[in-house]
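Trainee: I have this model open and would like to talk it through. Could we start with how helix packing is described?

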Amino acid sequence: MTAALTHPITRFIARRLLYSLVVLAGVLVAVFALVHLVPGDPVRIALGTRYSPEAYSALRSASGLDRPIVEQFFGYLASAFTGDLGVSFRNGDPVTVTLLERLPATVSLGVVGIFIAMVIALPAGIFSALREGRISDAIVRITSQFGVSIPDFWLGILLIALFATTLGWLPTSGYRPLLEDPAGWLRHIVLPALTVGLVAAAIMTRYVRSAVLEVASMGYVRTARSKGLPPRVVTFRHTVRNALVPVLTITGIQLATILGGVIVVEVVFAWPGLGRLVYNAVAARDYPVIQGAVLLIATLFLVINLIVDVLYAVVDPRIRLA
Amino acid sequence: MSTLTGESTRVASWRLLLRNPVTVVSAAVLGVVVVVAVVANWITPFGVNDVDVPNALRAPSGEHWFGTDELGRDVFSRVLVAMQASMRVAVVSVAFAVVVGVMVGVIAGYRGGWVDTVFMRVVDVMFAFPVLLLALAVVAILGPGTTTTILAIGIVYTPIFARVARASTLSVRVEPYVQMSRAMGTGSLYILGRHIVPNIAGPLIVQTSLSLAFAILSEAALSFLGLGIQPPQPSLGRMIFDSQGFVTMAWWMAVFPGATIFVIVLAFNLVGDGLRDVLDPKQRTMIEARSQR
Amino acid sequence: MTKPAVLAAVGVVVAVVAALSGCSTGSRVDLGDDSSSNLVAAIAGEPDQLDPQKTSAYFSFEVLENVFDTLVQPDANLEMQPALAESWEVSPDQLAWTFHLRRGVTFHDGSPFTADDVVYSYRRIIDQKLANADKFSAVTGVTAPDQSTVRITLKQPTPNLLTNLGGFKGVAIVSRRNVESGQIATHPVGTGPFVFASQKSGDSITLKANSAYWAGAPKVSGVTFRFISEPSTALSALQAGEIDWTDSIPPQRVASLKSDDSLTLAATPSNDYWYLALNEARPPWNDVRVRQAIGYAIDRDAIVQATSYGTAVANQLAIPKGNPWYTPYDGYRHDIENAKRLLAEAGVAPKTLDMLVTTEYPETVTAAQIIADNLAPLGITVNIRTVDFATWLDEQNNGHFDMLMMGWLGNIDPDDFYYAQHHTDGSSNAQKFSNREVDRLLDAGRVETNRNARGDDYAKAATLIADEASYIYLYNPSVIQAWSKRLSGYEARRDGAVRFSTATLTAGGAT
């Protein structure tokens, strides 16, 4: 047991965890400051047009806005730990409940998007790496540059125009939960996930390619070849399998990036996820929701990055000691 | 540093760059884009906000190269001016990010110690936020508009420059001539200006090109969401948003603004790639080696 | 750690994520128990709140029309018919109305509907000075002599009392318990054909049929109102069979939809109207000549065309043609030279104009761009300020604007069209218009029981209002709704009220 505790991996994980917590604390402060830096009176905006002075002071003290700001911050922290992120200014729903309601939609979009990205990027990246320097490599590289340069909302709109409006094969918007209506879930998720996935594929192809190239130039591959193993065997067994782990970690990073970047895609497809929630909340100045959603997304981002770092270190001893 | 053939570094860089046809073409495209952006206001065939409702939704023609939108405005003119606005936002915001980010990164890398730790932790917190989310948050505080967009994008891209600058500074800091200068007691500012900054320029230039590409995409996304450049000022993102209701009736409203964004961003990315090939020592040696064969 | 362990760990993560994405929290009422007869309606925005006496958003009323009742309600011809009140009498001196209430009506929470509820509802509006208090401006007392009778006493004869009490659900009968528990804004309880079941913020509101409804249980099992702000999205959903009804239709598609056999399209002339208002509390807009200049500078036809694609009718007054109270008026025309002349006469040269519009109603954003172009030759730069609706309402009520564009929906009686907005004491007079003659005419119209004299009063008042440019009227839009061929028993109404109580869905539900 003690051996496990002092194992370099455990120490590394502990260090990374601590570091993540520090960053998370910073995120909490930033998110809190964000909302309280806002000009304009959130209580007035929440109450709308006609209200009485009593209603105003009631909401103000209920929201705790009449307490000193430091006290408000710790109050917020305390409730956040118990899962209470306040209530929406727009409709009074608890923020935590709303966030949890919207999470599945965004998560499924992210996961399917990543899946599509991997299905495209893995073969393309490997192919491109193995044919390095040749025309086919150049073609793949330029194509992936195309994917990176295209605005995702534009791509989404064009896909809708082609596959949904003109051809009528797929729905133009909306979401169905997987467990309730699997066929509907699939039909509705295709276009948005494609939009997300194609762009992510473009980014990942480059990473896959360079990961494979790096592995291919490593010593043991050359040794394997010199041992007389047929080239194809060498390729698959050593190159690809060894490149797979950094690729998996890149997948994790991409997933995190997608979670933050789905806002625009969710708006285009009227996707009821976290991204669209944040967008609507920003438009309506619904500060508790903005605060909660930003916190959740940033935390998810951090957690995924943490997992990725740990995975990476577990496999690559050199990183651990850094 | 000298190449195998002994020429000075700078000249060889240009020649290597020019060898890559993709980079050359992209740079040429960028050149055209910049020129157009600068003179946009003078070359628009129609007024940007000249409403002409009877001529709404006309297909591209000799008179309206990119067709007209739902209010009869000339899409070509609007694309030109919108391009100018996008470039302006991108350049100013990235300039902001470069100045602030490099300062933070160089100081952190050079000084080390707790200065480094504090600066980099703040940078890490900023990295904890996905790009668009952070930009949205800034806009939520300051309200939509061009200035806010510039500020938001600038803030969002500062961390990457800080990191790149710091990493480069760290590696340059241990170079012999820098160590010697410090030993001789030369002032820090002088060392920074004379030795460090010029030598970290390579990766920074590459990052600038790439960040410009992403800044244009970010501005387009913010404008698409209605949080960036406000109507009636044309913006590429907003034009795409407005085109949504008309995609099947007036494809030109969606296609031309989107294609414009695509071309500009692609050009920046390809030029950035080409620059990286040349300015990144590792890559460069391989290319030079290959070109000797 | 070995590779298999890594892969296993990844596998676990993937499984967890897949499980997460499969679940949805919250009750699954949006598909209904019997999904094939649940009506799915798409509206263009989300209600800001569900308290009928406080909200002013059309989206809220689209939903609340089906949840609440009023004492009387308009039929298809906008004549007032019995609803919660079965019959009524007016005293000979016109100052007291007695309503006999329907018996056996219950609220959705089971509590019985009585006269006390009517008294409570009306007193709430009057005493708390809620949004529609001016509908009760002539009311001196509301009492319940017994549990099925309500007596309303007035200080002057009020020919339009019935439309005031039932024109729209802003004066609906609410439950005291629902209000006092604070639930009404998010979980309303009414007496209407449908019961509020749940709301998924940003997505939908679900209602279930009220099997005990006094006019007969609805034939659909429930209604789900989905919020789809992009009209083309809503339309595609309708054409794909994903929804059964929508009023969120891109006006530019109406012409082509008329010949689409897969759905029923209704473009009904409505009693709504859109207008521009200049803030008379801010110079130079307090000078009538300046306001008239703006009236001459704008290109009304272009605005009508761009916002409605020919489905609306330009109108320089509020009441539409075809309405018995219609008054023709065409004092303004698109004439820039005249506009310049008026400005010169007034001796002012405004450089900027702050125009307040909202994303909630995209027609205001479209029109604003045309107006910006229209006013440029006058040397006026229009700053278009686009905000969300809550902020828009705030800014309007605080007078933070030079000009705004908005519409009033579903008016019935001429008093509805003019009083609140143009009387000096009107509750919706955000532009701070004040004209003694208009006040006199509007007050007279309120009590005039002679139909012709009344019509005269309003014709004169309207003409003055337009001459003085209190509002610069733009057009009367059509109510444009489309629904699937499976939906019957529904018709589009001129007052824009969306009533599903008699709707039926034939088999083959929307998913």
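Mentor: Keep in mind that this is a predicted model. Axes are lines fitted to C-alpha atoms, for helices over the stretch in contact, and angles run from 0 to 180 degrees between N-to-C directions.

Trainee: OK, so at what angle do helix 5 and helix 9 of chain B pack?

Mentor: Helix 5 (residues 131-142) of chain B packs against helix 9 (residues 201-224) of chain B at about 55°, and their axes are 11 Å apart. The two helices of chain B, 5 and 9, are therefore oblique to each other, and their crossing is right-handed.

Trainee: And which residues meet there?

Mentor: From helix 5 of chain B come B:Val131, B:Leu132, B:Ala135 and B:Val139, which meet B:Ser218, B:Ala221 and B:Leu222 of helix 9 of chain B. By class, the residues of this contact divide into 6 nonpolar, 1 polar and no charged.

Trainee: Switching to chain C, what is the strand order in the open sheet of 6 strands?

Mentor: The order is 14-18-13-17-15-16, with mixed pairing. Strand 14 (313-314) and strand 16 (381-387) of chain C stand at the edges with a single partner strand each, so one side of each has no neighbour in the sheet.

Trainee: How do strands 15 and 17 of chain C run?

Mentor: Strand 15 (residues 352-358) and strand 17 (residues 403-408) of chain C run parallel and are joined by 2 bridges, and C:Leu356 stands opposite C:Leu404 in strand 17 of chain C.

Trainee: How many helices and strands does chain C have?

Mentor: Chain C has 15 helices and 21 strands. Its radius of gyration is 25 Å, close to the 24 Å that the globule rule gives for 511 residues, so chain C is as compact as a globular protein of that length.

Key: Residues numbered from 1 in each chain as written. Chains lettered and ligands numbered in written order. Predicted model: local features only at pLDDT ≥ 70, side-chain atom pairs only at ≥ 80, totals over all residues. Pairing = 2+ DSSP bridges. Helix = DSSP H or I, 4+ residues; strand = E, 2+ residues; numbered from the N terminus. Parallel < 35°, antiparallel > 145°, perpendicular 65-115°, else oblique. Left-handed = near helix turned anticlockwise from the far one by under 90°. Contact = placed C-beta atoms within 7 Å. Nonpolar A, V, L, I, M, F, W, Y, C, P; charged D, E, K, R; others polar. Rg over C-alpha atoms; globule rule 2.2 N^0.38 Å.
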